[in-house]
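Dear colleague,

I am handing over the structure we spoke about, with the sequence alongside. Please have it open while you read the notes that follow.

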Amino acid sequence: MTDKNISPKLPKEFLSDLETAIGAKAMITNLDDIAPYMVEQRGRFVGETSLVVTPKTAGEVSDIVKLCAEHNIGIVPQGGHTGLVSGGIPFVGDNAIVLNTSRLNKIRAIDPVNNTMIVEAGCILQTIQEYAAKHDRLFPLSLGAEGSCQIGGNIATNAGGINVIRYGNTRQLVLGLEVVTPTGEIWNGLRALQKDNTGYDLKQLYIGSEGTLGIITAAVLQLFPKPKEQQTAILALKDLEDALPLLNLAQSMLGDALTSFELLPRIGIDFSLKHGQGVVDPIAGRYDWYILMEASVAITHSNLQELFESYLETAFERNWVQDGVLAQNKAQSDSFWLLRENITLCQRPEGGSIKHDVSVPVSSVPAFIKTANEAVQKMIPGIRPHPFGHLGDGNIHYNLSQPLDMDKQDYLNRWEEVNRVVHDIVHSFNGSISAEHGIGRVKRDENQHYKSPVEMQLMKSIKTTLDPKGIMNPGKLIPEN
Ligand code: 2HG
Ligand code: ZN
């Protein structure tokens with residue numbers, strides 16, 4: 001460890017005790033080396049700290065937390081750094097260090113009979129999926145960032161993704177946790193049980209708490225039988241409203257084989273074709289809306305294909321689908337998903353994009369989009385709504401690309417104002433202003449605006465009871481006053 005660039009805010013005694021506990025190799029103190037840990041994927045905010053620690057065991061996490069508690073230093077837990085609400089970086093004045101979980105990355109055990117797996121927080125989601133698959137099991141959490149996001153972050157933010165309609169959010173996929181508390185104790189709650197009615201379900205308190213109550217160091221994950229047969233289709237619609245009967249029919253005809261039901265707008269497909277690598281348009285004509293859907297079953301020689309084809313036939317007959325392609329093989333289904341993933345990535349080259357990650361009851365999605373589109377177009381003529389996402393569970397990424405002839409910064413300066421109009425509409429539909437990305441710093445005050453004082457007070461009292469010194473991810477999720 002060098003003394004270069006150490007902020008005077010971190011006491012010498014703290015640093016030397018830390019070095020004794022975890023070793024200099026687990027301490028990054030040079031600002032150039034720290035820089036990549038401070039820049040968020042979307043680049044909207046840049047964090048500030050003078051120390052990043054990279055512990056390898058829960059014991060080391062415990063040592064770090066104890067020393068931080070003693071010296072009143074904040075800790076920002078950080079996983080794969082793929083978050084979208086500035087939950088994983090310290091802000092100027094937070095007096096916090098970053099605890100990056102990348103080296104806490106062992107798969108501790110798998111039990112295919114019990115359908116569970118024990119993993120450490122820093123395991124990459126895709127590594128977990130692949131390990132489960134090798135044992136003929138499925139870990140169904142799936143999202144665009146799966147190649148780099150870490151399970152600790154997924155759990156701390158209760159990540160959603162593309163399979164929620166069938167398997168639920170992360171909350172439904174975790175049976176047990178190991179957590180380092182704000183006083184540095186290790187709570188071993190790694191129970192691999194389906195039934196455990198022994199009091200408050202503490203793990204659920206930590207899931208989605210965004211590092212504000214403790215640091216998740218390991219988890220017991222719920223596995224499922226691995227799908228053996230799968231059907232993927234992309235369908236073009238005339239009207240957004242037709243998506244609802246189409247979904248309803250899928251649920252009636254395919255039952256719980258339905259795993260994904262994603263909404264794609266034409267503008268998103270155009271962005272992907274223009275800016276994405278290797279993206280192709282599977283349907284010849286142009287339509288305003290598309291659905292990418294997938295169904296799977298965990299048995300072989302099933303009648304899934306037959307069921308899926310008769311579902312599509314009925315949907316065409318009822319005029320809910322104008323055109324469509326059923327993937328003929330894995331490569332074709334991958335190419336549909338590539339188109340979907342690029343819808344997320346290809347907004348950036350189109351200039352400023354004001355984001356919303358909202359949910360409303362599934363049956364209200366078309367009405368919400370219509371109402372919001374009218375409102376934002378009135379506010380900023382020429383604005384380009386780009387709503388897409390997980391229609392099957394009511395979660396729409398209501399993103400708004402800037403008008404073509406507007407200055408990017410002038411547009412982005414209206415971020416909060418636009419958020420408020422959209423979120424008011426979401427609220428009027430009894431929706432949520434953060435469906436799957438969390439609150440972090442970005443939506444902290446906006447969340448307080450919409451939650452009732454009773455609910456906010458309950459959250460604040462949990463925070464002050466468990467973390468009275470306020471050292472766990474300071475300034476995130478819970479407003480300071
Ligand atoms: C997705 O569903 C992600 O692709 C990102 O949640 C959404 O770009 C976004 O706002
Ligand atoms: Zn999403």
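How much area does the chain expose, and what part of it do carbon and sulfur atoms supply? In this model, which is a predicted one, the chain exposes about 20500 Å², and carbon and sulfur atoms supply 51% of that area.

On the overall form, the radius of gyration of the chain is 23 Å, which agrees with the value near 23 Å that a compact globule of 481 residues would have. The C-alpha trace spans about 75 × 55 × 45 Å along its principal axes, and buried residues account for 54% of the 481 residues. Of the contacts between residues at least 6 apart in sequence, 73% join residues that are at least 24 apart. As for charge, the chain carries 43 positive and 55 negative charges, and the mean positions of these two sets lie 3 Å apart.

The secondary structure comprises 16 helices and 19 strands, and two parts of it may be worth your attention. One is an open sheet of 4 strands with mixed pairing, in which the order is β1-β2-β4-β3. Because β1 (27-28) and β3 (74-78) stand at the edges and have a single partner strand each, one side of each is left without a neighbour in the sheet. The pairing of β1 with β2 (residues 52-53) is antiparallel and runs over 2 bridges, and I28 has V52 in β2 as its bridge partner.

The other part is the hairpin of β18 and β19, which has 4 residues between the strands. Strand β18 (residues 384-390) is mostly covered, with 7 of its 7 residues buried, and it pairs in the antiparallel sense with β19 (residues 395-401) over 7 bridges. Within this pairing, N395 in β19 is the bridge partner of H390, while G394 in the hairpin takes a positive phi near 85°.

Finally, a single loop residue: is I299 buried or exposed? I299 sits in the loop between β14 (289-297) and α10 (304-317), and it counts as exposed because its relative accessibility is 52%, where the cut-off for exposed is over 50%. If residues up to four places away in sequence are not counted, I299 touches K228 and E229. Its C-alpha atom is separated by 42 Å from that of G59, a residue 240 places away along the chain.

With best regards

How values were computed: Residues are numbered from 1 along each chain as its sequence is written. Chains are lettered from A and ligands numbered from 1 in the order in which they are written. This is a predicted model: local features need pLDDT of at least 70, side-chain atom pairs count only at pLDDT 80 or more; totals for chains, interfaces and linings use all residues. Side-chain values use heavy atoms; hydrogens and water are left out. The radius of gyration is taken over C-alpha atoms; the globule rule is 2.2 Å times the number of residues to the power 0.38. Buried means under 20% relative accessible area, exposed over 50%, partly exposed in between (1.4 Å probe, protein chains only). Contact means heavy atoms within 4.5 Å. Accessible areas come from the Shrake-Rupley method with a 1.4 Å probe; for residues, only the protein chains shown count as cover. Lys and Arg count as positive and Asp and Glu as negative; His and the chain ends are not counted. The place of a charge is taken as NZ of Lys, CZ of Arg, CG of Asp or CD of Glu. Two strands pair if DSSP finds at least two bridges between them.
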